Amino acid sequence: MDNKHKIVQVLSDGEFHSGEVIGQQLGISRAAVSEHIKSLSKIGLDIFSITGKGYQLAGGLSLLDLKQIKHNCSVSNELELFPVIPSTNEYLMGLIKSENTLVDGHTVLAECQTKGKGRRGRTWQSPFGTHVYLSQYRTMDNGLSAASGLSLAIGIAVLNTINLFSNKKCQLKWPNDLLVDGKKIAGILVEAEGQADGICHLVIGVGINVDMPAAVASDIDQPWTDLNTITDSLVDRNEFIAKLLEQLEDTYQEYKLNRLNNLFKLWNKNNAFLNQIVELTSTSKVQVGKCLGIDTSGALLLEDLTSKVTSKIFGGEVSLRKKKVVS
């Protein structure tokens, strides 16, 4: 455990702690403590400094604890926890490419990502100790095509978990987002490495907003919400992750056996844009039509407003949004 993480543990109670005492506890100078505090502030921690009183982490912080997660979880995935990491997905992809031996279901968690990855090359805002950043390693024997609908299945697992805690209904947005009241609460990024007809190595990345810091919220360019906004009581991230791991296991095993043959109906039931007029933007064109949901392949079914012909849209560099009505 590095000194930055130790300082966060000291400050996690929300009380004031002097730089001198923190330095004594860690065996470093007050100046070193001050430098670490500056670094922590840059990754989203709201730390006050008051002369004569010391440092205080606003509101305190509940840190991830692998023992608590395992105690509350009925599945036995191998778990790794990093205080700070560039990207949990990137870390697992690196292990796959270096031919490191990974066990199916191996899961990486982080308190903070400095280069969190979203779809279409976007950055996933990843402040320290406030959200869920999780990546899980999986394998399939039927090649890359077998994984084409996996992100849709994983969306159902995340939705089920959020609904266990929320008093507002979560919905799915094709292909990889989850919404509550039309605002983004979670995103999924599945990356693959392998042969077209051989073993496929998969990294399932999930990011879920739990308690968005105000300082970070100003950098987000789309409507968002978080778990603590839509629940009656503050969400314990350790308990949430335990339930998420259970849902991921159940959903993955169903997908591995039956692909989307059963899951597509559940996905459509929770489709945020079902039977609504939507606009689909890709690098080459813009399409407008009625969203009819997905089929068993995971393709989005889009009905042309004039001809009533239904076309199939597959994933990729595509953006979906509700069509604005001009009065």
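**Figure 1. Strands β10 and β11 form a hairpin with 4 residues between them.** The model is predicted: local features need pLDDT of at least 70 and side-chain atom pairs count only at pLDDT 80 or more, while totals for chains, interfaces and linings use all residues. Residues are numbered from 1 along each chain as its sequence is written, and side-chain values use heavy atoms, with hydrogens and water left out. Strand β10 covers residues 277–281 and strand β11 covers residues 286–294. Helices (H or I, at least four residues) and strands (E, at least two) are DSSP runs, numbered from the N terminus. The two strands of the hairpin pair in the antiparallel sense over 5 bridges; strands count as paired if DSSP finds at least two bridges between them. Ile 277 of β10 stands opposite Lys 290 in β11.

**Figure 2. Strand β10 has one buried face and also pairs with β14.** In a regular strand the side chains alternate between the two faces of the sheet. In β10, Val 278 and Leu 280 point to one face and are buried. Ile 277, Glu 279 and Thr 281 point to the other face and are not buried. Buried means under 20% relative accessible area, exposed means over 50%, and partly exposed lies in between (1.4 Å probe, protein chains only). Strand β14 (residues 319–322) runs antiparallel to β10 and is joined to β10 by 4 bridges. Thr 281 has Ser 319 of β14 as its bridge partner.

**Figure 3. Strand β7 is covered on both faces.** This strand spans residues 177–180. Asp 177 and Leu 179 lie on one side, Leu 178 and Val 180 lie on the other, and all four are buried. Strand β6 (residues 170–173) pairs with β7 in the antiparallel sense over 4 bridges, with Leu 172 opposite Leu 178. Strand β8 (residues 183–194) is likewise antiparallel to β7 and joined to β7 by 4 bridges. Here Asp 177 stands opposite Gly 187 of β8.

**Figure 4. The turns at the two ends of β7 contain a cis peptide bond and a residue with positive phi.** A hairpin of 3 residues joins β6 to β7. Pro 175 is in the loop between these strands, and the peptide bond that joins Trp 174 and Pro 175 is cis, with omega about 0 degrees. The hairpin of β7 and β8 has 2 residues between the strands. In that hairpin, Asp 181 takes a positive phi near 55 degrees.

**Figure 5. Thr 225 is a buried loop residue.** Its loop runs between α7 (214–217) and α8 (227–230). The relative accessible area of Thr 225 is 7%, so this residue counts as buried. Leaving aside residues up to four places away in sequence, Thr 225 touches Val 180, Lys 183, Lys 184, Ile 185, Asn 209 and Ile 230; contact means heavy atoms within 4.5 Å. One of these residues, Val 180, belongs to the buried set of β7. Asn 209 lies 16 residues from Thr 225 along the chain, and their C-alpha atoms are separated by 7.1 Å.

**Figure 6. Arg 259 and Asn 275 have positive phi values.** Arg 259, a residue other than glycine, has phi near 55 degrees. Arg 259 is found in the loop between α9 (237–258) and α10 (263–269), and is partly exposed at 23% relative accessibility. Asn 275, also not a glycine, has phi near 65 degrees. Asn 275 is found in the loop between α10 and β10, and its relative accessibility of 48% makes it partly exposed.

**Figure 7. The whole chain, shown as context for the close-ups, has 10 helices and 14 strands.** A compact globule of 327 residues would have a radius of gyration near 20 Å, and the 21 Å of this chain agrees with that. The radius is taken over C-alpha atoms, and the globule rule is 2.2 Å times the number of residues to the power 0.38. Along the principal axes, the C-alpha atoms fill a box of roughly 75 × 55 × 35 Å. Buried residues make up 50% of the 327 residues. Of the contacts with a separation of 6 or more, 65% are between residues 24 or more positions apart.
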